[in-house]
Amino acid sequence: MKNETIDLLLNRRSLVASKLIDPGPTEEELNLILRCAIRVPDHGKLAPWRIKVFEGTAREELGRKWGDIFKKNNPDASSAQLAAEYQRPSRAPLLLIITTKFQESRIPKWEQILSGGAVCQNVLVAANALGYHSQWLSEWPNYDNEVKAASGLEESDEFLGFIYIGSAGEKPSDRKRPVFEEIVSFA
């Protein structure tokens, strides 16, 4: 059975953010990726997620914030570690930060998080369908309350993913995949 969408899903692979190079998506392609991103299951029609786009100098400004927070909290960090932290958001041509925006609702928070996870997955698939590569990470900024505040999140909100997108600087390698029979069972 030949199907372009199925082939894409079976062959999509992440590429380490530091191996993502220019060019990144054009404005038109980015708009398409973002439109695909928000077409997800959303119990209660809450849209409990937000996407912040960082390109160009916006990545450098974010790097200054993250680097300053890291430096303050890690006074013994080496100059190489600090340089890496200041450069973290600039490892790829495009960085999308996906967050929750929890809504007070009868819809449980965990369902709102799942919907946001689907947003992240749609970003990965849409970017790959357009010929780009990506990596979805949850790095130390994901768990840092100062980063959260500096990013304009409310205390109850959460980062769902830092998604780096660009062109492949090298061919991605495949990783060992789960054994189908160990994961799937039929009742």
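Read along the sequence, the secondary structure elements follow the pattern α-β-α-β-α-α-β-α-β-α-β-α. That makes 7 helices and 5 strands in the protein. The model is predicted. The radius of gyration is 18 Å, close to the 16 Å that the globule rule gives for 187 residues, so the protein is as compact as a globular protein of that length. Taken along the principal axes, the box filled by the C-alpha atoms is roughly 55 × 45 × 40 Å.

**Packing and surface**

Of the 187 residues, 40% count as buried, the cut-off being under 20% relative accessible area. Contacts between residues at least 6 apart in sequence show how the chain is joined up: 81% of them link residues at least 24 apart. The exposed area of the protein is about 11,500 Å², and carbon and sulfur atoms supply 52% of that area.

Charged side chains number 24 positive and 26 negative. The centres of these two sets lie 2 Å apart.

**Backbone features in the loops**

Most residues other than glycine have a negative phi, and most peptide bonds are trans. Three places in this model depart from that pattern, and they are taken here in sequence order.

The peptide bond from Asp22 to Pro23 is cis, and its omega is near 5 degrees. Pro23 belongs to the loop between β1, residues 20-21, and α2, residues 27-37.

The loop that leads from α2 to β2 (49-55) contains Lys45, and Ala47 also lies between α2 and β2. Lys45 is not a glycine, yet its phi is positive, near 50 degrees. Ala47, likewise a residue other than glycine, has a phi of about 45 degrees.

| Residue | Phi | Relative accessible area |
|---|---|---|
| Lys45 | near 50 degrees | 76% |
| Ala47 | about 45 degrees | 27% |

How does the accessibility class of each residue follow from these values, and which class does Lys45 fall in? A residue is exposed when its relative accessible area is over 50%, buried when it is under 20%, and partly exposed in between. Lys45, with a relative accessible area of 76%, is therefore exposed. Ala47 has 27% relative accessibility, so it counts as partly exposed.

In short, the loop between α2 and β2 holds Lys45 with its positive phi and Ala47 with its positive phi, while the cis peptide bond ends at Pro23, in the loop between β1 and α2.

Terms used: Residues are numbered from 1 along each chain as its sequence is written. This is a predicted model: local features need pLDDT of at least 70, side-chain atom pairs count only at pLDDT 80 or more; totals for chains, interfaces and linings use all residues. Side-chain values use heavy atoms; hydrogens and water are left out. Helices (H or I, at least four residues) and strands (E, at least two) are DSSP runs, numbered from the N terminus. The radius of gyration is taken over C-alpha atoms; the globule rule is 2.2 Å times the number of residues to the power 0.38. Buried means under 20% relative accessible area, exposed over 50%, partly exposed in between (1.4 Å probe, protein chains only). Contact means heavy atoms within 4.5 Å. Accessible areas come from the Shrake-Rupley method with a 1.4 Å probe; for residues, only the protein chains shown count as cover. Lys and Arg count as positive and Asp and Glu as negative; His and the chain ends are not counted. The place of a charge is taken as NZ of Lys, CZ of Arg, CG of Asp or CD of Glu.
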